[in-house]
Amino acid sequence: MVTRWGICSAGKISHDFTVGLKSLPPEDHQVVAVAARNLKQAQEFAQTHSIPRAYGNYEDLAKDTEIDVVYVGTIHPYHLPVSVMLMKAKKNVLCEKPLAMNLREVKEIVACAKLNNIFLMEAVWTRFFPASVEISRLLTQGDIGEVKVVRADFGVPLRDVPRSVEKELGGGALLDIGIYCVQFVCMVYKGEKPEYIQATGVCLDTGVDEAMVVTLKFSQGRMAVCTCSLAVELPNDAVVVGTKGTIRVPAHMWCPTSLVVNGKETQYPVPEPYIPLNFINSTGMRYEAEEVRQCLLKGLKESPRMSHADSALLAEIMDEARRQVGVVYSQDKQ
């Protein structure tokens with residue numbers, strides 16, 4: 001049974017997601033429609049990716065009865081209204097990260113999914129890479145002993161990208177890229193809530209964070225440090241240090257294709273794209289798409305690997321970090 005996808009928003013990330021989908025068997029995944037707020041843009045996207053239907057608004061996509069699940073690739077502030085609109089139309093949703101602007105919005109999206117009895121997952125693609133699945137396996141087996149320290153960095157120069165720096169577009173280092181570092185820590189510590197959160201950061205004139213360092217303390221004296229920046233290129237790796245060894249995720253930790261476990265490196269390559277991508281390793285989006293398919297086939301309403309509780313914890317940590325640094329969005333004031 002084929003999983004029929006609708007693509008909501010025809011931007012760069014939707015392009016890459018669609019290319020990633022096309023690396024999966026066509027008898028398993030098909031893109032049947034795309035919607036943008038501009039019909040011409042949707043039509044051009046449809047032509048590029050050989051998609052049969054194009055819509056000039058998101059509402060028409062929601063009404064399309066031949067869609068099983070919609071990938072939401074809009075900018076951050078639209079994740080809540082667009083996902084809610086789709087779910088009310090009984091569409092399953094894979095929504096790009098961050099699932100919403102804050103914890104209150106995340107709870108609203110999740111409540112809507114439950115009310116309408118449909119599948120919802122935050123598209124934290126990193127979690128579904130074979131390298132990430134292997135990290136979880138190694139930790140469960142105790143290969144590096146008890147984890148004591150986790151460090152993750154993500155910094156790239158994005159100050160000239162409006163979506164990354166404008167407050168009304170949901171910009172800011174933490175929400176845009178730092179989320180990958182926080183989710184990595186949450187994955188390693190298996191969704192445990194930190195006992196203590198300390199954040200420090202530097203803000204731009206637009207009121208969003210240019211850079212942030214978030215230190216998390218967990219039970220039994222375990223620590224984590226997340227560093228993100230929109231101004232400079234950081235090492236962009238991650239390290240998990242245990243009492244018996246170390247797992248290192250070389251750059252780029254948000255789309256990992258290799259792991260170094262106790263000094264031994266193993267490669268986990270992603271498929272080559274059939275047309276050029278906007279972002280590195282984007283064919284790796286195939287793994288989250290396949291997770292959605294498997295969940296739908298099993299009748300699940302959330303993914304056990306990126307659950308609603310995982311999304312809530314991620315939002316809760318980021319809310320507190322932003323509060324300490326003084327980053328306030330209009331969505332926080334409602």
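Biologist: Let's start with a single pair: which residue of strand 11 stands opposite V149?

Modeller: Happy to begin there, with the reminder that this is a predicted model. Strand 7 (residues 147–155) pairs with strand 11 (residues 238–242) in the antiparallel sense, over 5 bridges. Within strand 11, the residue opposite V149 is V241.

Biologist: In which order do the strands of the open sheet lie?

Modeller: The sheet is made of 8 strands, and their pairing is mixed. At its edges are strand 8 (196–203) and strand 14 (264–267), each of which pairs on one side only. Neighbouring strands are turned by 10° against each other on average, direction ignored. Reading across, the order is 8-9-10-7-11-12-13-14.

Biologist: Which helix packs on this sheet, and what angle does its direction make with that of strand 8?

Modeller: Look for a helix that touches strand 8 and strand 9 (209–218). That one is helix 10, and its direction makes an angle with strand 8 of about 50°.

Biologist: Let's move to strand 13: which residues stand opposite V260 and S258?

Modeller: Strand 13 (residues 258–261) pairs with strand 12 (residues 246–249) in the antiparallel sense over 2 bridges. With strand 14, strand 13 pairs in the antiparallel sense over 4 bridges. On the strand 12 side, V260 stands opposite R248. On the strand 14 side, S258 stands opposite Q267.

Biologist: Which residue in the turn of the hairpin has a positive phi?

Modeller: The hairpin is formed by strand 13 and strand 14, with 2 residues between them. The phi in question is about 50°, and the residue in the turn that has it is N262.

Biologist: Strand 5 and strand 6 are joined by bridges; what is the handedness of the crossover between them?

Modeller: Strand 5 (residues 92–96) and strand 6 (residues 120–123) run parallel, joined by 4 bridges. One partnership pairs E96 with A123 in strand 6. From strand 5 the chain passes through helix 5 to reach strand 6, and this β-α-β crossover is right-handed.

Biologist: How is helix 4 oriented relative to helix 5: roughly parallel or roughly antiparallel?

Modeller: The axes of helix 4 (residues 79–88) and helix 5 (residues 103–115) come within 9 Å and cross at roughly 5°. Angles under 35 degrees count as roughly parallel. Therefore helix 4 is, relative to helix 5, roughly parallel.

Biologist: How do the residues of that contact divide into nonpolar, polar and charged?

Modeller: On the helix 4 side, the residues are H79, L80, S83, V84, M87 and K88. They meet E105, E108, I109, C112 and A113 in helix 5. The residues of this contact divide into 6 nonpolar, 2 polar and 3 charged.

Biologist: Is E134 buried or exposed?

Modeller: E134 lies in helix 6 (residues 130–141). Leaving aside neighbours within four places in sequence, E134 is in contact with L259 and Y268. The relative accessible area of E134 is 17%, and the cut-off for buried is under 20%, so E134 counts as buried.

Biologist: And P304: is that residue buried or exposed?

Modeller: P304 sits in the loop between helix 9 (285–297) and helix 10 (308–325). Leaving aside neighbours within four places in sequence, P304 is in contact with E291, C295 and D310. Its relative accessible area is 65%, and the cut-off for exposed is over 50%, so P304 counts as exposed.

Biologist: What separates the C-alpha atoms of P304 and R323?

Modeller: Along the chain, P304 and R323 are 19 residues apart. In space, their C-alpha atoms are separated by 29 Å.

Conventions:
Residues numbered from 1 in each chain as written. Predicted model: local features only at pLDDT ≥ 70, side-chain atom pairs only at ≥ 80, totals over all residues. Heavy atoms only, no water. Axes fitted to C-alpha atoms, helices over the stretch in contact; angles between N-to-C directions. Parallel < 35°, antiparallel > 145°, perpendicular 65-115°, else oblique. Contact = heavy atoms within 4.5 Å. Nonpolar A, V, L, I, M, F, W, Y, C, P; charged D, E, K, R; others polar. Pairing = 2+ DSSP bridges. Right-handed = clockwise from strand over helix to strand, strands pointing away. Buried < 20%, exposed > 50% of the residue type's maximum accessible area, 1.4 Å probe, protein only.
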